[in-house]
Amino acid sequence: MKNLWIPSGEIVMRREIVWLRLVLRLVLGGVFIYAAWDKLIHPDYFAENILDYEIVPKSLVNLMAVWLTALELVLGICLLAGFWTRSAALLLGGLCAIFIGAITVTLLRGIPLHACGCFSTEAGTGLRDWLSLWQEGLILIACAFLYSMEWGFHKARSRASTEPLFFRE
C-alpha cells in the first residue's frame with residue numbers, strides 16, 4: 001500500500017482519493033441543493049421554522065430565510081460544478097455548525113421543535129430530540145473531510161506547479 005505522504009511533505013493524490021473527493025463533492029452539493037429546493041419554493045414556511053427557534057429577532061427572520069436558502073443553493077452548485085470547492089466546503093461546514101448550535105440551544109431551552117427546516121419546511125409528526133442531531137453532525141464531518149481533501153489537493157497542485165521541471169519526480 002502506498003504512503004500518502006512522501007518525505008518532502010508533498011501530498012501524493014492517489015486515484016482512490018481523487019474519486020472519493022469527487023463523489024463526496026457531488027453528494028454534498030446534491031444534498032445542499034436538495035435542502036435549498038423546498039425552502040426556495042416555500043420561503044414563508046422556512047421563515048416560520050426559523051421563528052420556532054426563538055433565537056433570531058423577528059425583524060431578521062425573512063431576510064435570513066431568503067439569504068440562507070440562497071447561500072445553500074449557491075454553495076451546493078459550487079460543489080457540483082467544482083468551483084471554489086474548498087471555500088464552499090468551509091462555509092457549508094460553518095452553516096452546519098451554526099445549525100447544530102441552534103438546535104442544541106433550542107433543545108436545552110426546552111422549546112419544542114417540530115421541524116428544523118433542514119430538508120423540508122413541513123412540520124414533522126414528531127418532535128426533534130438529541131438523537132436527531134446525527135444528520136447535521138454527519139454532514140459537518142463530510143464537509144470537514146472534503147475541506148481537508150481539497151486543502152491537500154491544492155497544496156500538492158501548487159507545489160507541483162512551482163517546482164522547476166527537473167526537480168519533479
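This is a short walk through the helices, core and cysteines of a predicted model.

Start with Phe32. This residue sits in helix H1, which spans residues 15-41. Phe32 counts as buried because its relative accessibility is 4%, and the cut-off for buried is under 20%. Leaving aside residues up to four places away in sequence, Phe32 touches Glu72, Gly76, Leu92, Cys96, Ile139 and Cys143. Val74 gives a sense of the folding here. Phe32 and Val74 lie 42 residues apart in sequence, yet their C-alpha atoms are 9.1 Å apart in space.

Now widen the view to the core. The largest nonpolar core has 23 residues. Within this core, Leu28, Phe32 and Leu92 touch the most other members. Five helices each give two or more residues to this core: H1, H2, H3 (58-81), H4 (85-108) and H5 (134-162). Take Leu92 next. Again setting aside residues up to four places away in sequence, Leu92 touches Phe32, Leu75, Leu79 and Cys143. Phe32 and Leu92 are thus in contact with each other, and Cys143 appears among the contacts of Phe32 as well. There is also a second, separate core of six residues. Its members include Tyr53, Ala102, Leu113 and Leu133.

Two of the residues touching Phe32 are cysteines, Cys96 and Cys143. Are they buried or exposed? Cys96 is buried, with a relative accessible area of 3%. Cys143 is buried too, because its relative accessibility is 1%. A disulfide is a covalent bond between the sulfur atoms of two cysteines. How many disulfides does a search of the whole structure find? The count is zero. For Cys96, the nearest cysteine sulfur is that of Cys143, 4.8 Å away. For Cys143, the nearest cysteine sulfur is likewise that of Cys96. The pair does not count as a disulfide because the sulfur atoms would have to lie within 2.5 Å.

Finally, look at helix H2, residues 43-52. Which of its residues are buried? They are Phe46, Ala47, Asn49 and Ile50. These four are on the same side of H2 because they cover an arc of only 155° around the axis. Just past the helix, the backbone is worth a look. Glu54 follows H2, and its phi is positive, near 55°.

Key: Residues are numbered from 1 along each chain as its sequence is written. This is a predicted model: local features need pLDDT of at least 70, side-chain atom pairs count only at pLDDT 80 or more; totals for chains, interfaces and linings use all residues. Side-chain values use heavy atoms; hydrogens and water are left out. Buried means under 20% relative accessible area, exposed over 50%, partly exposed in between (1.4 Å probe, protein chains only). The arc is that of the directions from the helix axis to the C-beta atoms. Contact means heavy atoms within 4.5 Å. A nonpolar core is a set of buried Ala, Val, Leu, Ile, Met, Phe, Trp, Tyr and Cys residues joined through side-chain atoms within 4.5 Å.
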